[in-house]
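Please examine the sequence and the three-dimensional model shown below. The explanation that follows leads through the strands, the helices, the backbone and the internal space.

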Amino acid sequence: MISAVPHIVAWNLTRRCNLACAHCYIAAGSWHAAGEELPTSDCHRIVDEILAVNPSPMLILSGGEPLLRDDLESIAARASAGGATVVVGTNGTRLTDARIASLMAAGVQGVAVSVDSLDPVYHDRFRHGAGALSDTLAAVERLSDNRLDLVLQTTVTRGNQAEIGRLASLAADSGAVAFNVYFVVATGRAGTMKGMSTAENDDVLTELAALEREYRGRMLVRSKCQPQIMRHVYDSDPESPLLNYATRCPCGVQYCRITPDGKVTPCPYMEVVAGDLSAQSFGEIWSDSPVFGDLRRGELGGKCGRCGYREICGGCRARAFAETGDYLGPDGSCGYEPDGVESPVTRTREITYGTPARAELEWSPEAAERVARIPSFVRGVVTHRVETFAADHGHDRVTAALLDEVRSQMPIDFSKRRPFFSRKRE
């Protein structure tokens, strides 16, 4: 069983939104009311409960459109001050310089915005908002100017499949730390959308695996809700850092979602309720939920259970639930057909993402304090890489100066960002 730690918590703070995107899993829109949301005091309590379980999670504050909440900065500041790495997910249309400054003052470390096409007709129609693309691209420039980490996100469909390479280029040229491509799960307003064929999914995954190699060291490239990328990577690129992950579907194991009214689900795309924060603490739900217990045991059915790639992929559990009503069932978006019950593939790389940091060298107090501030999900891999660098350069002790040297050797230009290795939170 994979170690169950809530490394990443996605929180839909509101269903209110100035857009009404065609694929919205939470069916957000302008008709929702603030009264449907948890009050600030409850949000602060829940933040504290999350930090009691994991003192250094990544907390993704999203919506709807989270910028519509006047207390967004208050919630972010509470989490950041407590040790969380806070990221805000927004459509970007309301992201002014003043709001960026406000978010940064609250300790927000990054912002994820969505660009689904470079064609304004497609993007604006998909997002149901005239001028949305222009406004979002302007926000991307503002984030770069303000040196706030950018994640660019795209939902892939038949309509924009041919643009994935150009969108990745836009993300890289904009200084994004990551380019995430989401595959549609039939939930919320996307319940009536016709997804791509299994062959089309495979084509996109093949392209993403190539783009991950192209941008490696400069920008992360990841598939979301399509862990089948692991099969493509395993077969074509055994040195890929993607193989450091235990699985590409961490829902209920290392990841969960909180709804605007305080329900906890395995991920934003799965509506199965694992617990209710109005009646239980976050820790109680995380430890005791039968839903989470099922997902952690990982006893998959159908072809996912027979597949040789099940331990590195496992299929999308949300899509299995949306299509079959069984979150342990098969993911029908996958074109691979196992031949009987296949033996699990043999890993070529050690799992480091999501594993505890295991220091083998001595760390100075300042160096240890700095690495303790990075998200728990990546602390193991960072510790491993730092100690490998130290050994390769003849050091038997990790110091703050060595961390600065490691940072200077990274391909990504961290001089323009507020890195996790910074001496203090700004």
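Val264 has Gly275 of strand S10 as its bridge partner. This pair belongs to the contact between strand S9, residues 263-265, and S10, which run antiparallel and share two bridges. The model in which these pairings are found is a predicted one.

S9 and S10 are part of an open sheet of 10 strands, arranged in the order S7-S6-S5-S4-S3-S2-S1-S8-S9-S10 with mixed pairing. At its edges stand strand S7 (220-224) and strand S10 (275-276), each of which pairs on one side only. As a general point on such elements, side chains in a regular strand alternate between the two faces of the sheet.

Within that order, S2 has S3 on one side and S1 on the other. Strand S1, residues 8-12, and strand S2, residues 58-62, are parallel and are connected by five bridges. In this pairing, Val9 is set opposite Leu59 of S2. The path between the two strands includes a helix: S1, helix H1 (residues 40-53) and S2 together form a β-α-β unit that is right-handed.

On its other pairing, S2 runs parallel to strand S3 (residues 85-90), and four bridges join the two. Here Ile60 has Val87 in S3 as its bridge partner. A right-handed β-α-β unit is again present, this one made by S2, helix H2 (residues 72-82) and S3.

Further along the chain, helix H5 (residues 132-145) lies across two strands, S4 (108-114) and S5 (149-156). The direction of H5 makes an angle of about 155° with that of S4.

The backbone also deserves attention at several loop positions. Most residues other than glycine have a negative phi, and most peptide bonds are trans. Which residues are joined by a cis peptide bond? Gly63 and Gly64 are, with omega at about 10°. Of these, Gly64 is located in the loop that connects S2 and H2, and H2 is the helix of the β-α-β unit formed with S2 and S3.

His128, although not a glycine, has a positive phi of about 55°. His128 is found in the loop between helix H4 (120-127) and H5, the latter being the helix that lies across S4 and S5. Cys225 is likewise not a glycine and has a positive phi, of about 65°. The loop that holds Cys225 runs between S7 and helix H8 (229-236), and S7 is one of the edge strands of the sheet.

Finally, the interior may be considered. How many cavities of 30 Å³ or more does the model contain? The count is three. The largest cavity encloses about 120 Å³ of space. Its lining consists of 13 residues, and those nearest the centre are Gln228, Cys304, Cys307, Cys313 and Cys334. By residue class, the lining of this largest cavity comprises seven nonpolar, three polar and three charged residues.

Notes:
Residues are numbered from 1 along each chain as its sequence is written. This is a predicted model: local features need pLDDT of at least 70, side-chain atom pairs count only at pLDDT 80 or more; totals for chains, interfaces and linings use all residues. Side-chain values use heavy atoms; hydrogens and water are left out. Two strands pair if DSSP finds at least two bridges between them. A crossover is right-handed if, with the strands pointing away from the viewer, the path from the first strand over the helix to the second runs clockwise. On a 1 Å grid over the protein atoms alone, a cavity is a set of points where a 1.4 Å probe fits but cannot get out, and a pocket is an open set with protein on both sides within 12 Å along at least five of seven lines; lining residues have an atom within 4 Å of a point. Grid points are joined across faces, edges and corners, and a volume is the space filled by probe spheres set on the points. Ala, Val, Leu, Ile, Met, Phe, Trp, Tyr, Cys and Pro count as nonpolar, Asp, Glu, Lys and Arg as charged, and the others, Gly among them, as polar. Contact means heavy atoms within 4.5 Å. Axes are lines fitted to C-alpha atoms, for helices over the stretch in contact, and angles run from 0 to 180 degrees between N-to-C directions.
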